[in-house]
Amino acid sequence: MAITNRYEFVYFFDVTNGNPNGDPDAGNMPRLDPDSSKGLVTDVCLKRKIRNFVELTEEGHPGFEIYVKEKGILNLQNKKAYEALSITPEPKKLPKDEAKAREVTAWMCANFFDVRTFGAVMTTEVNSGQVRGPVQLAFAKSIDPIIPLELSITRMAVTTEKEAEAQSGGNRTMGRKHIVPYGLYRVHGFVSAKLSEKTGFSDDDLAKLWQALTLMFEHDRSAARGEMAARKLVVFKHADALGSAPAHLLFDRVKVERVSGERDTPATTFSDYRIVLDTNGLDALGVTVEEKF
Amino acid sequence: MAYGVRLHVWGDYACFTRPEMKVERVSYDVMTPSAARGILTAIHWKPAIRWVVDSIHVLKPIRFESIRRNEVGSKASASKASGGMARGSVEGIYTLIEEDRQQRASTVLRDVAYVIEAHFELTELAGEGDNPGKHLDIFNRRARRGQCHHQPCMGVREFPAFFSLIEPEMALPASILSDEQKSRDLGWMLHDIDFDHGATPRFFRAALVNGVMSVPPFHSEEAKS
């Protein structure tokens, strides 16, 4: 059963002494908005973590396969659909028969969480295997500017014998690490009930999405990330599938106040901020708010 | 223009990808008619109607920014796939996605705002219950209340488009497009894809005249495929 309400959400997460999302264009420095020096985290970075979390917690559960795995082959996953439906696969093409093509797509949606959530392009040449998912994330941006630090680190070993000889046995390698001392990031998300009708994204899936947003950083620890934590998730639930208020007006109701330190200067902890939610008149609009945490 | 609508749309980022530069995506300077149609369609569409974009007003200076992301490079090799099929198993067959990566830069627009002027025509699929007034009402009601089928986007879905209806008696939002950008030739631009004729793209010579890009009819002399 697909969901029957439209949702928007505002999600806050922060980073302490870590790199939330490196910029391949800038030697893996934390992403920066050049206009404002605010930090950025891309939509795909966050979707990767949601996929990883669902893969981790729902491993082996039917219907919760993950299509774009960190170690997966897309075409092999496609093939599963053909096998299940006993259709002879034509190389790089969905079946000519439109009904069969829809069956393959429906099967993929039923079995793969990320296909029915975010959508997927499942063919290489023919367009008919494209699914648009109900859940969409925008870029995350930090509330205030961030100041990335570059740290030099040493390793007490070298990789090759040649390096060891060059250093006459000194055996040291220098490396670099980029961190954001502190940054609170805000991201906006959308869930379309109308698109969920096409992929079968259900209320259970939605609950899984909220759970992933709540816990995904707990399972994404690494040397590069530092300490990352989900801080707040505000969900706006519309009374029906089309919704009853413009998304931008709902997002405007979630304000972040700086309670310690100057606005537009880098913050040092989460307690430098207060997140304020204006619920005035939301009932009349037919929108309910849930603060997931 | 009896059934015209005017929609104010804006967003932090936009990428109206040029078809000639879509590996490392480069955006057009201005929203394409095709993208504008997509936004209208996200709010209301039925097979009975076809949106026709008349003009696009550019309200903010045209500025670009580059973003590089890790994207999935390619699909699996045929030999690996057929090997797995022969065994009838997907177990244990993996490739590191890091080895199948393409880092692609996108040159995207920053801080955009437009007014889309459009109208719709009834198609041959229009039934007895379809009349222009009904669809116009539905569109206006939804746009006024912020309702949509799915959140519209600025060319790609990671860049959401926010919208508000401009009522007939309302003035257009003020433009802060700089004077030197107000009138310029934008070169050949994608008009839309002709899905009736095998998804053929059609192009037109786009130009900003005093901040407004007028869009010729899709099947006119000015639009070439």
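## Ser55 in strand S2 of chain B

B:Ser55 sits in strand S2 of chain B, which covers residues 49–58. The model is predicted. B:Ser55 has a relative accessible area of 8%. The cut-off for buried is under 20%, so B:Ser55 counts as buried.

Leaving aside residues up to four places away in sequence, B:Ser55 touches two runs of chain B. One holds B:Val115, B:Ile116 and B:Glu117. The other holds B:Val212, B:Met213, B:Ser214 and B:Val215.

## Chain B as a whole

Chain B has 4 helices and 11 strands. Of its 225 residues, 50% are buried. Among contacts in chain B with a separation of 6 or more, 74% join residues 24 or more positions apart.

The chain exposes about 10700 Å². Carbon and sulfur atoms supply 53% of that area.

## Helix H1 of chain A

H1 of chain A spans residues 43–57, 15 residues in total. From first C-alpha to last it reaches 21 Å, close to the 21 Å expected at 1.5 Å a residue.

Buried residues in H1(A) include A:Asp43, A:Cys45 and A:Leu46. The stretch A:Lys47, A:Arg48, A:Lys49, A:Ile50 and A:Arg51 is buried too. So are A:Phe53 and A:Val54.

## Cavities

The structure holds 5 cavities of 30 Å³ or more. The largest has a volume of about 70 Å³.

Chain A lines the largest cavity with A:Pro134, A:Gln136, A:Phe190 and A:Ser192. Chain B adds B:His150, B:Gln151, B:Pro152, B:Cys153, B:Arg157 and B:Pro160. The lining divides into 5 nonpolar, 4 polar and 1 charged residues.

How values were computed: Residues are numbered from 1 along each chain as its sequence is written. Chains are lettered from A and ligands numbered from 1 in the order in which they are written. This is a predicted model: local features need pLDDT of at least 70, side-chain atom pairs count only at pLDDT 80 or more; totals for chains, interfaces and linings use all residues. Side-chain values use heavy atoms; hydrogens and water are left out. Helices (H or I, at least four residues) and strands (E, at least two) are DSSP runs, numbered from the N terminus. Buried means under 20% relative accessible area, exposed over 50%, partly exposed in between (1.4 Å probe, protein chains only). Contact means heavy atoms within 4.5 Å. Accessible areas come from the Shrake-Rupley method with a 1.4 Å probe; for residues, only the protein chains shown count as cover. The expected span of a helix is 1.5 Å times one less than its number of residues. On a 1 Å grid over the protein atoms alone, a cavity is a set of points where a 1.4 Å probe fits but cannot get out, and a pocket is an open set with protein on both sides within 12 Å along at least five of seven lines; lining residues have an atom within 4 Å of a point. Grid points are joined across faces, edges and corners, and a volume is the space filled by probe spheres set on the points. Ala, Val, Leu, Ile, Met, Phe, Trp, Tyr, Cys and Pro count as nonpolar, Asp, Glu, Lys and Arg as charged, and the others, Gly among them, as polar.
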